[in-house]
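This report introduces a structure to a reader who has not met it before. It begins with the overall fold and then turns to the surface and its charges.

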Amino acid sequence: MKTTLIIPDPVFRDLKQQATKRGTTMSELAAELLRKGLSERPKPARLPPLPSFSTGRPLVDIANREALFDLLDREHDEELYRQARKKG
């Protein structure tokens, strides 16, 4: 396919020079470089480390289902009691 591209002068000179060195046409070299560039997957950005902090001793063993439910029920009941005291 024939098309028109605007290529900055320094890039054009480099392309022409590389094509001459390789003994190929600028069109063939440009197509090769475009294929390579389009097929490369960008490297994933390295994520910053997650913050860490100490929250102290655990209040309950989350592997113990009954203990976890008891704690959640107790916290829920305490919150309801606080709300009732505020109203009354």
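## Overall fold

In this predicted model, the secondary structure of the protein chain amounts to three helices and zero strands, and the pattern read along the sequence is α-α-α. The radius of gyration of the protein chain is 33 Å, well over the 12 Å that the globule rule gives for 88 residues, so the chain is more spread out than a compact globule.

The extent of the protein chain can also be given as a box: taken along the principal axes, its C-alpha atoms fill roughly 90 × 30 × 25 Å.

## Burial and surface

How many of the 88 residues of the protein chain, as a percentage, count as buried? The share is 6%. The area that the protein chain exposes comes to about 9,200 Å², and 57% of this area is supplied by carbon and sulfur atoms.

## Charges

Among the side chains of the protein chain, 17 are positive and 13 are negative, and the centres of these two sets lie 11 Å apart.

Some of the negative residues form a surface patch, which is made up of E66, D70, D73, E75, D77 and E78. One of these residues, E66, lies in helix 3, the helix that covers residues 65-87. With a relative accessible area of 53%, E66 counts as exposed, because that value is over the 50% cut-off for exposed residues; it is also over the 30% that a residue of a patch must exceed.

Technical notes
Residues are numbered from 1 along each chain as its sequence is written. This is a predicted model: local features need pLDDT of at least 70, side-chain atom pairs count only at pLDDT 80 or more; totals for chains, interfaces and linings use all residues. Side-chain values use heavy atoms; hydrogens and water are left out. Patches are made of residues with over 30% relative accessible area and no salt bridge: like charges are joined within 9 Å, nonpolar side chains (Val, Leu, Ile, Met, Phe, Trp, Tyr) within 5 Å. Accessible areas come from the Shrake-Rupley method with a 1.4 Å probe; for residues, only the protein chains shown count as cover. A salt bridge is a side-chain nitrogen of Lys or Arg within 4 Å of a carboxyl oxygen of Asp or Glu. Lys and Arg count as positive and Asp and Glu as negative; His and the chain ends are not counted. The place of a charge is taken as NZ of Lys, CZ of Arg, CG of Asp or CD of Glu. Helices (H or I, at least four residues) and strands (E, at least two) are DSSP runs, numbered from the N terminus. Buried means under 20% relative accessible area, exposed over 50%, partly exposed in between (1.4 Å probe, protein chains only). The radius of gyration is taken over C-alpha atoms; the globule rule is 2.2 Å times the number of residues to the power 0.38.
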